[in-house]
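Student: I am new to this structure and would like to learn how its descriptive terms are justified. Could we go through them one at a time?

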Amino acid sequence: MSNPKEVPALPLKGYSLLDFQPDPTVVGISFDTEAGVFMFVATKEILDMLGQAFIHKAAAMPSREQS
């Protein structure tokens with residue numbers, strides 16, 4: 001795996017969750033960035049873990065209005 005410090009951080013402009021037709025056991029996750037669209041696929045288990053991680057992280061962050 002690449003060192004995260006060596007990978008550019010791209011601001012997210014949007015995202016989409018898409019049915020992945022070749023395999024109904026995964027979902028497509030499309031992230032829209034300034035550098036273009038990046039597509040990933042994830043299983044239900046990964047999607048559940050990501051959702052919980054995003055909720056946990058967002059709850060611990062200050063909002064932009066408070067900073």
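Tutor: Let us begin with the strands: a hairpin joins β1 to β2 through 6 residues. This is a predicted model, in which local features need pLDDT of at least 70 and side-chain atom pairs count only at pLDDT 80 or more, while totals for chains, interfaces and linings use all residues. Residues are numbered from 1 along each chain as its sequence is written, and side-chain values use heavy atoms, with hydrogens and water left out.

Student: What makes β1 and β2 a pair?

Tutor: Two strands pair if DSSP finds at least two bridges between them, and strands themselves are DSSP runs of E with at least two residues, just as helices are runs of H or I with at least four, both numbered from the N terminus. β1 and β2 are linked over 7 bridges in the antiparallel sense, so the requirement of at least two is met. One of these bridges sets Ser 16 against its partner Ser 30 in β2.

Student: How do you know that β2 and β3 pair as well?

Tutor: β2 (residues 26–33) and β3 (residues 36–43) share 8 bridges, again antiparallel, and the two strands form a hairpin with 2 residues between them. Across this pairing, Phe 31 stands opposite Phe 38 in β3.

Student: Why is Ser 30 called buried?

Tutor: Buried means under 20% relative accessible area, exposed means over 50%, and partly exposed lies in between, with a 1.4 Å probe and protein chains only. Ser 30, which lies in β2, has a relative accessible area of 12%, and therefore counts as buried. Leaving aside residues up to four places away in sequence, Ser 30 touches several others, including Gly 14, Tyr 15, Val 37 and Met 39, where contact means heavy atoms within 4.5 Å.

Student: What makes β1 hardly covered?

Tutor: The count of buried residues among the 8 residues of β1 (residues 12–19) is 0. Helix α1 is also described as hardly covered, with a count of 0 among its 17 residues.

Student: How do you know that the span of α1 agrees with what is expected?

Tutor: The expected span is 1.5 Å times one less than the number of residues. For the 17 residues of α1 (residues 44–60) this gives 24 Å, and because the end C-alpha atoms are 25 Å apart, the two values agree.

Student: Why is the contact between Lys 44 and Asp 48 called a salt bridge?

Tutor: A salt bridge is a side-chain nitrogen of Lys or Arg within 4 Å of a carboxyl oxygen of Asp or Glu. The N to O distance between the side chains of Lys 44 and Asp 48 is 3.3 Å, so the pair satisfies the limit of 4 Å. A search of the whole structure finds 1 salt bridge. Lys 44 and Asp 48 are 4 residues apart in α1, and therefore separated by about one helical turn. In general, an α-helix has 3.6 residues a turn, so residues three or four places apart point the same way.

Student: Are Lys 44 and Asp 48 exposed or partly exposed, and why?

Tutor: Lys 44 is exposed because its relative accessible area is 55%, whereas Asp 48, at 43%, counts as partly exposed.

Student: Why is Phe 54 called exposed?

Tutor: Phe 54, whose place is in α1, has a relative accessible area of 53%, so it counts as exposed. Leu 50, also placed in α1, counts as partly exposed because its value is 32%.
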